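Please open the model in your viewer and keep the selection panel at hand. The stops below are meant to be followed in order, with a selection to make at each one.

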Amino acid sequence: MSSSFQPGDLGPMDPVQYQEHLARKASELAGEPEFMPDIEPFRVPAASSPLALELLEAALERRLTGGELLILFEEASLHDVGRVAQQLRLRRGDPDKVTYIIDRNVTYTNLCYADCGFCAFNRHQGDGDDYMLSLDEILEKCRTVIEAGGNQILLQGGHHPKERLPYYEDMLRGIKQAWPQMWIHGFSPSEIQHFARLNRLAETEVIARLKAAGLDSIPGGGAEILSDRVRRIMAPGKAMAGEWIAIMEKAHHAGLPTTATMMFAHIESYAERVEHLLRVRESQDRTGGYTAFIPWTFQPHGTPMMNDPQIRAQVESHGYLGSVDYLRTLAISRIALDNFANIQASWVTQGKAVGQMTLYFGANDLGSLMMEESVVSAAGVSHPLTRADLDEMIIGAGFTPALRDNGYNLIG
Ligand code: SF4
């Protein structure tokens with residue numbers, strides 16, 4: 001059976017109806033075998049097949065098709081995809097510089113009823129440790145960013161069931177009033193969709209109003225894997241794949257740049273990773289509005305979906321892939337996304353040593369020196385680094401560190 005559920009079908013609802021609908025859909029979906037076909041354990045070839053080698057040579061000259069990318073996932077070795085990804089990275093940007101930004105995640109609330117299966121961060125009202133930051137608390141966090149030489153906050157939060165759009169507009173205006181130089185990178189597509197439903201507004205209007213209030217760009221969070229089969233299991237309460245892309249394109253048309261992310265190594269297949277890459281590449285062809293692509297690995301610790309035996313078995317069927325799967329996928333992302341200038345490494349999930357190795361697997365940017373990070377650390381992963389650490393990683397790998405702004409312009 002396939003679900004006819006599309007969040008777009010929901011239309012505007014009041015908050016209670018909306019939460020009830022999410023809960024009903026989540027329970028309907030639980031354990032439906034059609035949604036959990038047997039995915040082959042990820043095979044990581046020690047040596048590339050002749051066909052994979054041929055395709056890697058072709059990738060230096062032309063765009064690869066989805067089928068060809070799938071062959072790379074199945075038949076190309078870590079070393080070979082890294083070699084080609086690195087050549088492409090050196091061609092597509094400054095071959096000497098590796099960039100990063102100083103910013104701080106400001107996660108304004110952990111109150112959220114979307115209940116994504118991979119999230120160890122969200123809380124419900126009455127849990128005792130749910131919170132909503134006040135504007136003063138947010139401004140205090142902004143002050144620490146400016147003092148550390150930074151100029152950006154990543155402003156994200158759960159799908160708060162009650163706060164209406166003016167609340168977020170006031171938040172943005174308050175930040176800009178106190179710190180006009182602060183770049184506000186905020187509100188991922190699922191938050192935009194949530195605001196639209198809760199306020200009974202079109203997504204374009206939500207985007208326009210947030211932009212008018214001070215929003216500068218939108219982070220690519222909540223993409224997980226842009227395949228509806230995967231999303232119906234992991235995050236049935238959030239935007240489906242086409243909706244996620246559509247919201248990003250609405251933002252681009254409104255003049256807001258965005259990033260794109262991919263969270264992988266859970267219940268998806270290699271084919272679904274390719275679907276994700278193709279959706280993002282096609283969207284970039286249409287708008288050119290994405291500044292960077294950021295893949296990272298699922299962090300299973302403490303996440304609700306690992307309590308489901310079927311899902312747990314699927315995730316664990318792949319065995320220990322560690323950094324090999326991450327680096328291969330990073331490299332194939334660089335190869336696939338010929339229209340992205342910047343591929344960002346995720347040292348937050350991979351740590352300093354593997355974070356440094358990304359610079360030889362297609363990454364040209366180390367993302368942000370996150371002064372605070374809540375969501376990944378809720379899943380038990382924590383790799384705090386200082387600015388000196390990042391510089392050391394970059395110099396140690398043979399490159400020159402460069403501080404950038406959110407537009408990827410060098411500032412120091
Ligand atoms: S990932 Fe985001 S939307 Fe999903 S439950 Fe967690 S906080 Fe809510």
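What follows is a tour of this predicted model, from the whole chain to helix pairs and then to single residues.

**The whole chain**

Begin with everything displayed as a cartoon, where 16 helices and seven strands can be picked out. The protein has 412 residues, and buried residues make up 46% of them. If you draw the contacts with a separation of 6 or more, you will find that residues 24 or more positions apart account for 81% of them.

**Helices α8 and α10**

Select residues 203–213, which form helix α8, together with residues 241–253, which form helix α10; their axes come within 10 Å and cross at roughly 45 degrees. An angle between 35 and 65 degrees falls in the oblique range, so α8 is oblique to α10. The crossing of this pair is right-handed. Show side chains for E203, T204 and I207 on α8 and for I247, K250 and A251 on α10, since these residues make the contact. By type, the residues of this contact divide into three nonpolar, one polar and two charged.

Now keep α8 alone and colour its buried residues, which are E203, V206, I207 and L210. Seen around the helix axis, these residues cover an arc of only 95 degrees, which puts them on the same side of α8. To see what they pack against, bring back α6 (165–178), α7 (189–199) and α10. Just after α8, click on G214, whose phi is positive at about 130 degrees.

**Helices α3 and α13**

Next, select residues 66–75 for helix α3 and residues 322–336 for helix α13, which pack with their axes 11 Å apart and at an angle of about 160 degrees. The two helices are therefore roughly antiparallel to each other, and α3 passes α13 in a right-handed crossing. Which residues make the contact between α3 and α13? On α3 they are L69, L72 and F73, and on α13 they are I332, I335 and A336. The residues of this contact divide into six nonpolar, no polar and no charged.

**Helix α14**

Move on to residues 347–357, helix α14, and colour W347, V348, T349, Q350, V354, G355 and Q356, which are buried. Looking down the axis of α14, you will see these buried residues fall within an arc of 150 degrees, so they line one face of the helix.

**Three residues outside the helices**

Centre the view on T109, in the loop between β1 (97–107) and α5 (135–147). T109 is partly exposed, with 17 other C-beta atoms within 10 Å. Add H160, which is 51 residues away from T109 in sequence but 7.3 Å away in space, C-alpha to C-alpha. Leaving aside neighbours within four places in sequence, T109 is in contact with Y131, M132, L133, G157, G158 and H160.

Then go to A265, in the loop between β4 (258–264) and α11 (270–287). Although A265 is not a glycine, its phi is positive, at about 75 degrees. Is A265 buried or exposed? With 22 other C-beta atoms within 10 Å, A265 is buried.

Finish at Y408, in the segment after β7 (400–403). Y408 is not a glycine either, yet has a positive phi of about 65 degrees. Y408 is partly exposed, with 17 other C-beta atoms within 10 Å.

Conventions. Residues are numbered from 1 along each chain as its sequence is written. This is a predicted model: local features need pLDDT of at least 70, side-chain atom pairs count only at pLDDT 80 or more; totals for chains, interfaces and linings use all residues. A residue is buried if 20 or more other C-beta atoms lie within 10 Å of its own, exposed if 12 or fewer, and partly exposed in between; C-beta atoms are placed from the backbone. Helices (H or I, at least four residues) and strands (E, at least two) are DSSP runs, numbered from the N terminus. The arc is that of the directions from the helix axis to the C-beta atoms. Two residues are in contact if their C-beta atoms, placed from the backbone, lie within 7 Å. Axes are lines fitted to C-alpha atoms, for helices over the stretch in contact, and angles run from 0 to 180 degrees between N-to-C directions. Angles under 35 degrees count as roughly parallel, over 145 as roughly antiparallel, 65 to 115 as roughly perpendicular and the rest as oblique. A crossing is left-handed if the near helix is turned anticlockwise from the far one by less than a right angle, and right-handed if clockwise. Ala, Val, Leu, Ile, Met, Phe, Trp, Tyr, Cys and Pro count as nonpolar, Asp, Glu, Lys and Arg as charged, and the others, Gly among them, as polar.
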